[in-house]
Structure formats: C-alpha cells, structure tokens
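Trainee: Please take me closely through the pockets of this model, with what lines them and where the lining comes from.

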Amino acid sequence: METDKPILLSGIKPTGAAHIGNYFGAIKQWKEFQTIGSHQCYFMIADYHALNFVQSAGDMRDLTHDLVLTYLAAGINPEKVVLFKQSDVPAHTELAWIFDTITTMPYLERAHAYKDAEAKGKEVSVGTFNYPMLMAADILLYNTAKVPVGHDQKQHIEYARDTAEKFNRIYGDTFTLPEEFIVPDVATVPGVDGRKMSKSYNNTIPLFSTRHEIEELVMSIVTDSSGDRPENVYAIHRLLKTERELDAVYDEHQGRYKALKEALVEDLDAFIKPMREKYHELASDPRTVADILEKGGQLARERANAKIEEVRRAVGVS
Ligand code: TYM
C-alpha cells in the first residue's frame, strides 16, 4: 500500500440501509478517486458515531456488517484502499478527548445538528454534542487532505479545519488542514418527498432495493399538479441521465406523470440491479467482511498510532 500520496478519507454511519443519496453524494466520488489513484484512500465505517443512534449490540453488528457489504457491492475495492471500522482504531476517541480540551461550548453550540436537535426539543446526548470533535479526530488523525462528502457534512469539515488550526496554534504545527470535496450537482440528493434524502426522514430509495420496492417508492414520489414536469421525479432522474437524454423523455411524455415515473423505475432498476446482485452474492460469504476489516484495521492503526504518539508528545502526556 503506497503511503507517499496525499490522504483522502471519508465514512458513513452504520445506522440503516444505505441509499442513493449516500451513493451519489459520496460513494460515487470515492470510486472515482479510487480509480484515478491520486490519493491514498481511507474509507471508514463510523460505528462510534452511529452509537448516538443505534443502541443495541446485535443491531450495531448487523448494520456494520451490512455497510461493509454495501461498500464492496458499490465498487469499493479493499485491495486499493484502506477499508476500516472506526472502533478498531482507539486513537480516534483519544484524539477526540484531546480536542475537547481545546474546544469551547459556545463553538460547539453553533453546530447545525446540535441546533436542530435543540430546536425540536430533543434531549441531546453529550455524544451528539461532541460529534464534530470525533469527526475532526477521524479526519486529522490521518493527515487527511481531502474529504469527499455531501453538503450536509460541510460544517463538520470546517470544524475539523478550525480545530487543526487551533491545535497547531497552541502546540505547534501538527495537523494538515483538510478540504471538503463536494460535487455541486449532487451535494443534496432529494428524497421521494422532495426534502433531502435521509434515513431520518424516511424518504430514501435504498441502494439495493428490489424492482418491486423501486416501483412502490417511485410511485410514492410527491408530485404537484402544476407544470409539465414533475420536479421531484425529474430531480431523481437527473442523477441517472443527462439533461439532454431526459429532455427527449420528458418532452415525449409531457404532463403524463405516470409514464414519467415508469421511465424512472426502468432507469433506477437498471442502475441498481448490478449492485443488488453483487450485494447478495457477497452476503453469502461472511468471512470476507471479517478479513477485510482485520486487514484494514491494522493498516489504519499503523498510521493513526504514529500520529497519536506525535500528538501525545506535543501536549506533554507521552
Ligand atoms: P452519513 O452516514 O450521514 O452519510 C454518509 C455520506 O452520504 C452523504 N449523504 C448525502 N449526499 C447527498 N445527498 C443526500 N441526500 C445525502 N445523504 C447523505 C453524506 O454527506 C456523507 O458524505 N458524519 C458523517 C460520517 C463521518 C465522516 C467522518 C465522514 C464520520 N466521520 C469523517 C467523512 C469524514 C455522517 O454522518 O455521514
């Protein structure tokens, strides 16, 4: 595994079935970087972050396993990248603690996720409040240069950058300043109700949906009856085809929403089918996942442990 290339790192929380928003917003770009080979890529299963949402050991194990299969079925190649689980690298939580000690409450109170939870009157756990510091640790521990994500993660990467700057100011130059990589066209993929596609809104199109599920989901897409073009259908269709290709379809079926939805079903199924088949093929071989995580964890720990030693020396606890 090459180590002199700049580092690229990203991850997904194992909190439920991955959806096409995760794919187009993040995984698709991961694959492109994997192919180009410009960076050493680290793709993580963010299970410690998921603990804020999933509080059953069995569910956590199943969701973690499933997310590894998802990465593989979607085309992530563990021979070319480091595919690992956050909890296999203890340095993540250690570094998050060290960041907590240089971070103020008012600064974390400005985080969107925290503010949203507060506004909804939810009881916010310390883990949710500190979420940005654990994510800063994920990123900074690897001297990450680039973080490919969807728009909803932008603020978290700004937190990571601010935290790196603050640490460097106090303790001397230690961390690389990371940049987000967000593709504007797919920064926020909409769900079947037109809001951002999100597991928490229950409006997703899961990445390995069956044909029947795709049909049901597409038929449930909310359309308003004004105009020739059902915007919510078009917005999802636009992920799969160029504007030009779609112009032909949408002109032909102008105002006929059912026919347009049927065209979307065809295109979604054609896109999902190969991944769905790969996913089921992989699911029958449980050893693969364990082997991949073991190897990835080892590689991630090597890099992370060297960095955390440097940090310990910098702060004087070594
Ligand atoms: P998570 O698990 O919520 O989402 C995983 C990735 O999918 C992107 N995404 C979307 N992109 C476009 N449109 C959508 N509707 C959409 N929904 C989700 C997210 O932006 C993300 O890129 N905190 C992170 C996980 C994480 C992480 C990290 C990411 C933990 N540590 C370090 C990068 C680097 C999260 O909850 O993503």
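Mentor: In sorting lining residues, Ala, Val, Leu, Ile, Met, Phe, Trp, Tyr, Cys and Pro count as nonpolar, Asp, Glu, Lys and Arg as charged, and the others, Gly among them, as polar. The model is predicted, and totals for linings use all residues, whereas local features need pLDDT of at least 70 and side-chain atom pairs pLDDT 80 or more. Residues are numbered from 1 along each chain as its sequence is written, and side-chain values use heavy atoms, without hydrogens and water.

The second largest pocket (an open set of points on a 1 Å grid where a 1.4 Å probe fits, with protein on both sides within 12 Å along at least five of seven lines; lining residues have an atom within 4 Å of a point) has a volume of about 240 Å³. Its lining consists of Phe24, Lys28, Gln29, Glu32, Val183, Asp185, Val186, Ala235, Arg238, Leu239 and Glu243, which divide into 5 nonpolar, 1 polar and 5 charged residues. Helix H1 gives the most to this lining, with 4 residues, while domain 1 (7-186 + 286-315) and domain 2 (199-281) each supply at least three.

The largest pocket has a volume of about 1600 Å³, and of its 49 lining residues Lys13, Asp152, Gln153, Lys196 and Ser198 are the closest to its centre. The lining of the largest pocket divides into 20 nonpolar, 20 polar and 9 charged residues, and it too draws at least three residues from each of domain 1 and domain 2. Strand S1 (7-12), helix H1 (20-36) and strand S4 (144-148) are among the elements that each supply at least two residues of that lining, but helix H7 gives the most, with 5.

Terms used. Points joined across faces, edges and corners; volume = space filled by probe spheres on them. Domains from an automatic or database assignment.
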